[in-house]
Structures are given as structure tokens and as C-alpha cells.
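Me: I would like to go through this model step by step and ask, for each label, what supports it. Please set each value against its criterion before you conclude.

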Amino acid sequence: MTEKVAVLGTGKIGEALLSGMIRGGWSPSDLLVTARRPERAEELRSRYGVEAVSNAEAAKAAETLILTVKPQDMGALLDELAPHVPADRLVVSGAAGIPTSFFEARLAAGTPVVRVMTNTPALVDEAMSVISAGSHATEEHLAHTEAIFGGVGKTLRVPESQQDAATALSGSGPAYFYFLVEAMTDAGILLGLPRDKAHDLIVQAAIGAAVMLRDSDQHPVKLREAVTSPAGTTINAIRELERHGVRAALIAALEAARDRSRELASGNS
């Protein structure tokens, strides 16, 4: 890798991406970072051997700019960057809810923009990064973005019209699983298990189930039916989940997350 890539606003996800790029073959000398706090910038420089610069310096020096600040901070960042970003730069946004048109309207005409929604499993190289092209992004820009985010997990291309749904399902998805594990752990304690043993049982069940979903090519219904014997323990549990409307609650929760993503896109903080 010979071109320079800058990660702007390098928090946890930005750092995971930076680390994945280095493992994937990028030289630290070709990577730039920016951070709001000087001590954070120095920490990244010391840990990864990358150069810490200002946002303006990053915009001038790097061919690819990856913007990882929070959605509510993106407008101010673009105001700062706009005078320094030539139209041949690739701008990659990792901000939930903000469409590529928001960037295109604030940067030089023709600037290629790619929108990415990744998730926190990037910290363990198991992210799902959903990628959409702006109006000026080419196949080459998309492939380059996939190469970057592929270092921390899987990538998937979708039309930008599906990004809010992907944010609800995948971007926020890990939190739903943590919530479910928390509830099941509490249930295990209620049933008489120590917390640590309940936690270990549930986490391993989740890992095993996820691997089977990924590798078996079977529909989730088929996998569930394989565990659900007539008049057994599992069917009684499933009956209670259905009686309490868990399926409907999950669907409603995902719709609420999608709607919030749309609100962020419209500028409602």
C-alpha cells in the first residue's frame, strides 16, 4: 500500500480500523490519525507508529479520508475540512444516519463519497461493514473501501436506500445480543446458577449457535426445530416467548432504530 490514508476522529472504532489496516499490510508511515485530545493523538502515535496531525493537514496529505466522528459532530468537521479537500480525495463516512449527499453538498463538486456502517465487533476482527456508494464513487472506490474495512471483518454492499435498515439490524445489532445475554444470565441466577457459570453457558451457546447459522446453510427455523422435541423443555420456553410477544417486540425495536437513523439524517439530534 503506497497511498496515504487518514482516520479522522480516531476513537475505538477508528483505532480498530487502524490496527486492522496495519495487520492487512498498510505501512504505519502511510497512515495518519487525528484526535480531539492531544494525549489521545500521542497515544495512537506511540502505539502504532503512525503520524498524528491536524484535520486540515490530514485533508491535504491523504488520498483517502475516513471520518469516524459522531454524527452530531460531522457538520463542524466538514466545515473545517472543506477548504482543504480536493475533488480527487475519497471520503469515507462511518457516521450513522448521514447520507452521502450531506458530504457532497459540503465538499468540492465531484468528490467521491462512500458511506459505511460498521459495528463494534471490529474490535475483535468480526465486524460487519455495510458499504454504499455516493453519486461520484466508482467501483474502484468501493473496492478500496472494502479492502480497508475487510481488515476488521466482513463487508457487504447495499444501495444507500437500505443503509438505515442495515444500521438498525447490524450497526446496533450487537447491543441486542448483549441485552439478551444479560436477561438470560439473570434467568440463570433465578434458576439457581452462579452468575459466572450462567454467563459461560450462555456465551458458549451463543457462539455455537452463531457458527451453526453461518456454516450450516440451514434456515434458522430448521436449526431451532432440531432443538425442539415434542412436549420438551424448549417448546415450553418458545411458547412463553411467543406469549410475551418477544418476536413482535424485536421487530418494533428494529423499526425504532431505523426511524432514529432517519431522524439523524434529517438533522434531528
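Me: How many bridges join strand 4 to strand 5, and in which sense do they run?

Reply: This is a predicted model, and in it four bridges join strand 4 to strand 5, which run parallel. Two strands count as paired if at least two bridges are found between them, and four bridges satisfy that criterion, so strand 4 and strand 5 are called a pair. Within this pairing, Leu65 stands opposite Val91 in strand 5.

Me: What makes strand 1 a partner of strand 4, and what makes it a partner of strand 2?

Reply: Strand 1, residues 5-8, and strand 4, residues 64-67, pair in the parallel sense over four bridges, with Leu8 opposite Leu67 in strand 4. Strand 1 and strand 2 also pair in the parallel sense, over three bridges, and here Val5 stands opposite Leu31 in strand 2. The criterion asks for at least two bridges, which both pairings meet, with four bridges to strand 4 and three to strand 2.

Me: Why are strand 3 and strand 8 called edge strands?

Reply: The eight strands form an open sheet in the order 3-2-1-4-5-6-7-8, with mixed pairing. Strand 3 (51-52) and strand 8 (153-157) each have a single partner strand, so one side of each is left without a neighbour in the sheet, and they stand at its edges.

Me: What is said of the two faces of strand 1, and what of the residues of strand 5?

Reply: In strand 1, Val5 and Val7 lie on one side and Ala6 and Leu8 on the other, and all are buried, so both faces are covered. In strand 5, residues 90-93, Leu90 and Val92 point one way while Val91 and Ser93 point the other way, and all of these are buried too. The word buried stands for a relative accessible area under 20%; over the whole protein chain, buried residues make up 36% of the 269 residues.

Me: Why is Asn55 called buried, and where does the record place an annotation on it?

Reply: Asn55 has 16% relative accessibility, which is under the 20% limit, so it counts as buried. The residue is found in helix 3, residues 55-61, and an unreviewed UniProt entry covers Asn55 with the annotation "binding site".

Me: What class do Ala35, Asp125 and Ala231 fall into on the same scale?

Reply: Ala35, in the loop between strand 2 (31-33) and helix 2 (38-48), has 23% relative accessibility; this lies between the limits of 20% and 50%, so Ala35 counts as partly exposed. Asp125, in the loop between strand 6 and strand 7 (127-133), is at 30%, again between those limits, and therefore counts as partly exposed. Ala231, in the loop between helix 10 (220-227) and helix 11 (233-243), is at 78%, which is over 50%, so it counts as exposed. As to backbone, Asp125 has a positive phi of about 60° although it is not a glycine, and for Ala231 the phi is likewise positive, about 60°, although this residue is not a glycine either.

Me: How do you know that the second largest pocket lies between the two domains?

Reply: Domain 1 (5-157) and domain 2 (166-266) both give residues to the lining of the second largest pocket, so it lies between them. About 930 Å³ of space lies in this pocket, and of the 38 residues that line it, the closest to its centre are Gly9, Gly11, Thr68, Val69 and Lys70. Among the elements that give two or more residues to the lining are helix 1 (12-23), strand 6 (113-117) and helix 12 (246-265). By residue class, the lining divides into 15 nonpolar, 15 polar and eight charged.

Me: What does the record list for residues 4-97 and 160-264, and what is the helix and strand content of each span?

Reply: For residues 4-97, an unreviewed UniProt entry lists "domain: Pyrroline-5-carboxylate reductase catalytic N-terminal", and the chain there is 40% helix and 18% strand. For residues 160-264, the unreviewed entry lists "domain: Pyrroline-5-carboxylate reductase dimerisation", and this span is 82% helix and 0% strand.

Conventions. Residues numbered from 1 in each chain as written. Predicted model: local features only at pLDDT ≥ 70, side-chain atom pairs only at ≥ 80, totals over all residues. Heavy atoms only, no water. UniProt positions renumbered as here; feature names shortened; annotations may be inferred. 1 Å grid on protein atoms, 1.4 Å probe; cavity = no way out; pocket = protein on both sides within 12 Å on 5 of 7 lines; lining within 4 Å. Points joined across faces, edges and corners; volume = space filled by probe spheres on them. Nonpolar A, V, L, I, M, F, W, Y, C, P; charged D, E, K, R; others polar. Domains from an automatic or database assignment. Buried < 20%, exposed > 50% of the residue type's maximum accessible area, 1.4 Å probe, protein only.
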